[in-house]
Every structure is written in structure tokens, then in C-alpha cells.
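Here is a short tour for the bench, with the sequence and model side by side. Let's follow one bond and the strands around it.

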Amino acid sequence: QVQLVESGGGLAQAGGSLRLSCAASGSIFWINDMGWYRRTPGKQRDMVASITRGGSTNYADPVKGRFTISRDNAKNTVYLEMNSLKPEDTAVYYCEAMVRVRFSTAPTEYWGQGTQVTVSS
């Protein structure tokens with residue numbers, strides 16, 4: 001089995017910063033894409049940022065220029081640096097990873113349990 005554990009959420013003031021981390025562990029052969037999503041009450045889970053194993057990144061328009069995604073392949077960990085936070089960034093943030101547990105298997109999607117980020121005005 002594969003587990004994804006997020007950390008780093010919490011409370012920040014508008015204009016402040018937070019850094020999220022997500023470490024994958026368990027039966028891992030290879031991790032392809034990794035990403036961060038967020039969900040606010042009553043809304044669907046939206047993509048925030050994604051990163052390929054080679055380091056190519058993609059960002060949702062609302063966070064471009066403020067958030068930075070990165071990863072450490074040796075540690076099976078993905079990070080999200082969030083700067084210039086706004087109240088509308090308040091959400092539960094989830095990490096996601098496409099994991100191959102063996103060379104011969106196709107990637108399977110795994111999710112973390114979520115971490116709350118609250119930005120006060």
C-alpha cells in the first residue's frame with residue numbers, strides 16, 4: 001500500500017506565506033506526476049498545481065505567480081510554497097500522486113488525507 005501524508009497547513013494572515021509538504025511512503029517503485037488540489041465547502045476539488053517527475057510544472061490561474069510547486073524525487077515528497085496568501089485561498093488542500101508499485105504495473109492515483117489552510121483578512 002501507498003500512503004501520502006500532508007503537513008504544513010494552518011492559519012495565516014492575508015499577504016502571508018505557508019509551505020505544505022506531502023511525503024509518499026509504502027510500496028513505491030516510481031512516482032510519475034504529483035500535484036496539489038484544494039476544496040472549499042460546497043465546491044468540487046480543483047487542481048492548484050502539478051509537477052512531472054522531470055520538474056515541469058502547471059498552475060491554476062488563481063495561484064500563478066504566488067504559489068510554487070516542487071518535489072524531491074529521492075524523498076518521494078512534493079511541496080507547495082504559498083506566498084501572498086488571500087482569504088479565497090482558504091480550503092482543504094490535498095496532495096495527489098501517480099504511483100507505480102512495480103515496474104510492470106500502470107500508475108495508480110493516490111490521495112492524501114487533506115490539510116486545512118485558513119487565511120484571515
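Cys 22 and Cys 95 are both buried. In this predicted model, the two residues are joined by a disulfide, with an S to S distance of 1.9 Å. A search of the whole structure finds 1 disulfide. What does the bond tie together? Cys 22 sits in strand β3 (residues 18-26) and Cys 95 in strand β9 (residues 91-100), so the bond links parts that are 73 residues apart in sequence.

From Cys 22 we can step across to a neighbouring strand. Glu 6 stands opposite Cys 22 in β3, and β1 and β3 run antiparallel, joined by 6 bridges.

Strand β1 (residues 2-7) has side chains that alternate between two faces. On one face, Val 2, Leu 4 and Glu 6 are buried; Gln 3, Val 5 and Ser 7 point to the other face and are not buried. Such alternation between the two faces of the sheet is what a regular strand shows.

Now for the wider sheet. Its 4 strands form an open sheet in the order β1-β3-β8-β7, with antiparallel pairing. The edge strands are β1 and β7 (67-72), because each pairs on one side only. From one strand to the next, the twist averages 15°.

Two of the strand pairings compare as follows.

| Pair | Sense | Bridges | Residues standing opposite |
|---|---|---|---|
| β1 and β3 | antiparallel | 6 bridges | Glu 6 and Cys 22 |
| β7 and β8 (residues 77-82) | antiparallel | 6 bridges | Phe 67 and Met 82 |

How values were computed: Residues are numbered from 1 along each chain as its sequence is written. This is a predicted model: local features need pLDDT of at least 70, side-chain atom pairs count only at pLDDT 80 or more; totals for chains, interfaces and linings use all residues. Side-chain values use heavy atoms; hydrogens and water are left out. A disulfide is a pair of cysteine sulfur atoms within 2.5 Å. Buried means under 20% relative accessible area, exposed over 50%, partly exposed in between (1.4 Å probe, protein chains only). Two strands pair if DSSP finds at least two bridges between them. Axes are lines fitted to C-alpha atoms, for helices over the stretch in contact, and angles run from 0 to 180 degrees between N-to-C directions.
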